[in-house]
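Visitor: Please give me a close look at one part of this model. Start with a loop, then go on to the helices and the contacts of their side chains.

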Amino acid sequence: MRELNEAISELVDKRLLRKPSEESDLYVAMSPDVALSELVDDDERHLQELRGSITKRRRDFSSLVPVYLDARRKLALESSVEVLEDPVQIQRLIIDYGRDVTEQVLIAQPGPGYNADVHEEGIKKDLTLLANGVVRKNISHDTTRDHVPTRRAVEALTPAGGQYRTLPQIPLRLMIFDQNLVVASRQLGNDLAALVIRDVNLIRVFTDIYNAAWDVATPFLPEENMPSPSKLNNVQQAILKGLAAGHGDEAIARRLDINVRTCRRHIAWMLEELGAGSRFQAAIKAREAGWI
């Protein structure tokens, strides 16, 4: 009887048994779909109300997104120099612009190099940039020549088109992304902050300063590692000039009155000799090697 009463109680709780009236001692079996409806009606009604509330909030907040983005855009245009004190925000900004860069990244890095783990992660990112034709230049302190992780990174990235030089003194940490943004370190009390510069004229000034420093800096790796221009014949020199000018294989072959296949064979050989991963990198490395 105890087990029977427990079973009856469970069936009543699940609405599968019901008394026709309060005075009745009998139970009537209910259809499972009817019992289920009674059990979940309140929950479904609450769920629908909750979904409606979420939809309304999402709609209200979504309408604010264009206003927010427009305000941020105007602020970026109006604010030529912005000071960021949050290291996480600075790092996020650098990652975002580093991911979207399309032309060049110029870096001045004072002090010793990073540890091996940071270099390993940076090598992967830089190889991707270089493969996409982005110019990657780095000026570091002379002492980094004896820093093993830094040297390994330079040796790994130089064949892919990375360019590295050193100076005995570098006054500040600097990163220039295309011609869109400059991130420069700034001492703020005991903490480091960053100056974010978006003004086109200021960016041009920083870029000119960087290029001037680059011209007097010492190549990280010995110059004798660069190929000699004497390896090229007249046709190959003409092909290389065509690549540097941005002409395609067919246009170069037509100008030189040679077969397209022959033109491509010369290009493949020069890419291998220069250690370049792309034609864009080949043009840059050819200028550095004095080929053109």
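Guide: Helices (H or I, at least four residues) and strands (E, at least two) are DSSP runs, numbered from the N terminus. With these terms, P171 belongs to the loop between β6 (163-167) and β7 (174-177). The model is predicted: local features need pLDDT of at least 70 and side-chain atom pairs count only at pLDDT 80 or more, while totals for chains, interfaces and linings use all residues. Residues are numbered from 1 along each chain as its sequence is written, and side-chain values use heavy atoms, with hydrogens and water left out.

Burial comes next. Buried means under 20% relative accessible area, exposed over 50%, and partly exposed in between (1.4 Å probe, protein chains only). P171 is exposed, at 72%. Its C-alpha atom is 9.0 Å from that of Q109, and 62 residues separate the two along the chain.

Now helix α9, residues 249-256. D249, I252 and A253 are its buried residues. They line one face of the helix, because they fall within an arc of 95 degrees seen down the axis. That arc is taken from the directions from the helix axis to the C-beta atoms. R254 and R255 are exposed on the other side of α9. D257 follows α9, and its phi is positive, near 60 degrees.

D249 has a second role to note, in a salt bridge with R264. A salt bridge is a side-chain nitrogen of Lys or Arg within 4 Å of a carboxyl oxygen of Asp or Glu. For D249 and R264 the N to O distance is 2.9 Å. This pair links distant parts of the chain: D249 sits in α9, R264 in helix α10 (residues 260-274), 15 residues apart. D249 is buried, at 7% relative accessible area. R264 is partly exposed, at 41%.

The structure holds 10 salt bridges. One of them joins R2 and E6, with the closest N and O atoms 3.3 Å apart. Why are R2 and E6 separated by about one helical turn? Because they are 4 residues apart in helix α1 (residues 2-13). R2 is exposed at 57% relative accessibility, and E6 is partly exposed at 47%. E10 pairs with K14, the closest N and O atoms being 3.2 Å apart. E10 is partly exposed at 44%, and K14 is partly exposed at 41%. R15, R18 and E38 are linked in a network of salt bridges.

Next, helix α6 (residues 148-157). P149, T150, A153, V154 and L157 are buried there. They lie on the same side of α6, because they cover an arc of only 135 degrees around the axis.

Last, the rings. Rings of Phe, Tyr and Trp (its six-membered ring) pair if their centres lie within 6.5 Å; planes under 30 degrees apart count as stacked, over 60 as edge-to-face and the rest as tilted. The count by this rule is 1 aromatic pair. Y210 and W214 form that stacked pair, 6.5 Å centre to centre, with 15 degrees between the planes. Both lie in helix α7 (residues 200-216), 4 residues apart, about one turn of the helix. Y210 is buried at 2% relative accessibility, and W214 is buried at 5%. A charge sits over a ring if NZ of Lys or CZ of Arg is within 6 Å of the ring centre and within 35 degrees of the ring normal. R145 lies over the face of F220, at 5.4 Å from the ring centre.
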